[in-house]
Number of protein chains: 2
Amino acid sequence: MCFQSYIVIMIRLTSAEENYLKAVYHLSQEGKTTVSTNDISSEMKTKPASVSDMLRKLAEKEVIDYRKYYGVNVTENGKKYALQIIRKHRLWEVFLVEKLRFAWDEVHEVAEELEHIKSPILIQRLDEYLGHPKFDPHGDPIPDEYGDVKARPRLPLNELAINDGGQIVAVKDSSAAFLRYLDKVGAYIGARIKVLDKVEFDGSLEILVDNKKTLFMSKDVAANILVLQQ
Amino acid sequence: MCFQSYIVIMIRLTSAEENYLKAVYHLSQEGKTTVSTNDISSEMKTKPASVSDMLRKLAEKEVIDYRKYYGVNVTENGKKYALQIIRKHRLWEVFLVEKLRFAWDEVHEVAEELEHIKSPILIQRLDEYLGHPKFDPHGDPIPDEYGDVKARPRLPLNELAINDGGQIVAVKDSSAAFLRYLDKVGAYIGARIKVLDKVEFDGSLEILVDNKKTLFMSKDVAANILVLQQ
DNA sequence: ATATTATTTTAGCTTTATCTAAATAATATT
DNA sequence: AATATTATTTAGATAAAGCTAAAATAATAT
């Protein structure tokens, strides 16, 4: 006889529902307590009418709390579900980069498809195969199978002072264009950097990368690079 | 300037359409020239009415020839498309068994989902990563990117004579139950076998496996094991 | 306090993939 | 050859996920 100390939640979402839940979860992580229909609409690139429809469904399946006209909150169950999708997405990203030699700016779309494959054992084995990675190629933390995330304290590069140093651990903007730019200048995840100078006038910075190369970047670029300070 | 010597066929099927095309292709490989609606219906576990509907769509996209009430044939384009789905399915099966330590009877359902991921580069890289395998874990050949398959001449085990030997290269019935049975008795893909005796009465066989173990099997089981004769 | 604007929802339509029930074509039987 | 049976298709319905247009509600501006 085997008594389990937790209750297995049996929620089954379609791929479309999973994508909306993920969007709501991500938006809810960006500060605001409740997420609006329009926010979700522009995130998902669908019309607000479609969002309203979907919110009704997600509320029925109890992954969000939904008060008409007032916006939504993710429930505890919703959070757990969203974190499992994010876990799958990021594990596949690690696989694509480390095993299949994808560049870090090529992985998002494919991972977006792979994350919806329904097989708990597949993800468990993939995780094991990859050596239980804690961070994805963009430096974002990978939730464990219980939804726990190991967050690293990190700072936008533009907030470092002259002579401060650290390691690039993530990027805020992970658009392909931005990632390609970083690749080009050699500012990859894991690179050791040091701020050599900051220009008062426009906030641009002079950076030393891996004790070898110096490069200049605008404040806007630096604001999108997250650093683990040393 | 670059002139290509072939025309890229731009057909786009939904996952459901891909599954039907695959079923039609597989059935058409089993001898008969044209495939009937009922055959597809029982293969797909959907109603004949749904099949008729789908055949109309597949004919519109020119992957099958369809004459009402007479059944269907796969077109050249259809064949190419079907072989690419099969290629993806089998490459994923190799990945699951060789890299993620799945048993060969656990891979089918997951591969069934993975085969629909739309990314040519993903499959190219996966193939490379796996070392361009030519056969899947059940011994079935993996078509190359042009749809060419390296078939191995093979014989059902029950058709071997006493003292004939060979190597198990594939199974006809790849149901989980059958594969588990084979695993249990140690008759895996690649095993070297020799027919020690055949019982006239019921056609059952006594087999030597890997020069070590002998086992008895019914004619029905033997008929589902394909052997590369030596 | 009311009018205007912005946001959100509802109602009704479309497409895809399924179904059931009814109609039609092909085949088999007497 | 006429009829019965089986196979296949058509017609009409449903559920999911989107859309547009219109209505309802909330927020804001006068």
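## Buried core and DNA contacts in a predicted model

Leu126(B) counts as buried because its relative accessibility is 0%, which falls under the 20% limit for that class. The model described here is a predicted one, and this leucine is a convenient place to begin. Leu126(B) sits in helix 6 of chain B, a helix made up of residues 120–129. Leaving aside residues up to four places away in sequence, Leu126(B) touches Leu91(B), Trp92(B) and Phe95(B) of chain B, and also Phe95(A) and Leu100(A) of chain A. Although 36 residues separate Leu126(B) from Arg90(B) in sequence, their C-alpha atoms are 11 Å apart in space.

**Chain A as a whole**

Chain A holds eight helices and eight strands, and its C-alpha trace spans about 60 × 45 × 30 Å along the principal axes. Of the 230 residues in this chain, 44% are buried, while the area that chain A exposes comes to about 12,800 Å², with carbon and sulfur atoms supplying 52% of it. Among the contacts in chain A with a separation of 6 or more, 61% are made by residues 24 or more positions apart. Chain A carries 32 positive and 35 negative charges, and the mean positions of these two sets are 2 Å apart.

**DNA strand D**

DNA strand D is surrounded by 21 residues, and the closest of them are Thr14(A) and Ser50(A) from chain A, with Ser52(B), Tyr66(B) and Lys68(B) from chain B. Where atoms of DNA strand D come within 4 Å of the protein, 81% of them belong to sugar or phosphate and the rest to bases. The polar contacts to phosphate oxygens of this strand include one from the backbone of Tyr69(B), through an N or O atom, and one from a polar side-chain atom of Tyr66(B). Two or more residues of the surface near DNA strand D are given by each of helix 1 (15–29) and helix 3 (48–60) of chain A, and by each of helix 2 (37–44) and helix 3 (48–60) of chain B. The largest share, four residues, comes from helix 3 of chain A.

**DNA strand C**

Around DNA strand C there are 22 residues, the closest being Ser52(A), Tyr66(A), Lys68(A), Thr14(B) and Ser50(B). Of the atoms of DNA strand C that lie within 4 Å of the protein, 75% are part of sugar or phosphate, and the rest are part of bases. At least two residues of the surface near DNA strand C are supplied by each of helix 2 (37–44) and helix 3 of chain A, and by each of helix 1 and helix 3 of chain B. Helix 3 of chain B gives the most, with five residues.

Polar contacts from side chains to phosphate oxygens of the two strands include the following.

| Residue | DNA strand | Distance to phosphate oxygen |
|---|---|---|
| Lys57(A) | D | 3.1 Å |
| Tyr66(B) | D | 2.5 Å |
| Thr37(A) | C | 3.0 Å |
| Thr14(B) | C | 2.4 Å |
| Ser50(B) | C | 2.5 Å |

For the backbone atom of Tyr69(B), the corresponding distance to a phosphate oxygen of DNA strand D is 2.9 Å.

**A serine in helix 1 of chain B**

Ser28(B) is placed in helix 1 of chain B, which covers residues 15–29. The side chain of Ser28(B) reaches the backbone oxygen of Tyr25(B) at 2.8 Å, and, not counting residues up to four places away in sequence, Ser28(B) touches Val35(B) and Val74(B).

Definitions and conventions:
Residues numbered from 1 in each chain as written. Chains lettered and ligands numbered in written order. Predicted model: local features only at pLDDT ≥ 70, side-chain atom pairs only at ≥ 80, totals over all residues. Heavy atoms only, no water. Buried < 20%, exposed > 50% of the residue type's maximum accessible area, 1.4 Å probe, protein only. Contact = heavy atoms within 4.5 Å. Areas by Shrake-Rupley, 256 points an atom, 1.4 Å probe, with all protein chains shown as cover. Lys, Arg positive; Asp, Glu negative; His and termini not counted. Charge placed at Lys NZ, Arg CZ, Asp CG, Glu CD. Near = heavy atom within 4 Å. Polar contact = N/O pair within 3.5 Å; in protein donor to acceptor, adjacent residues only side chain to side chain.
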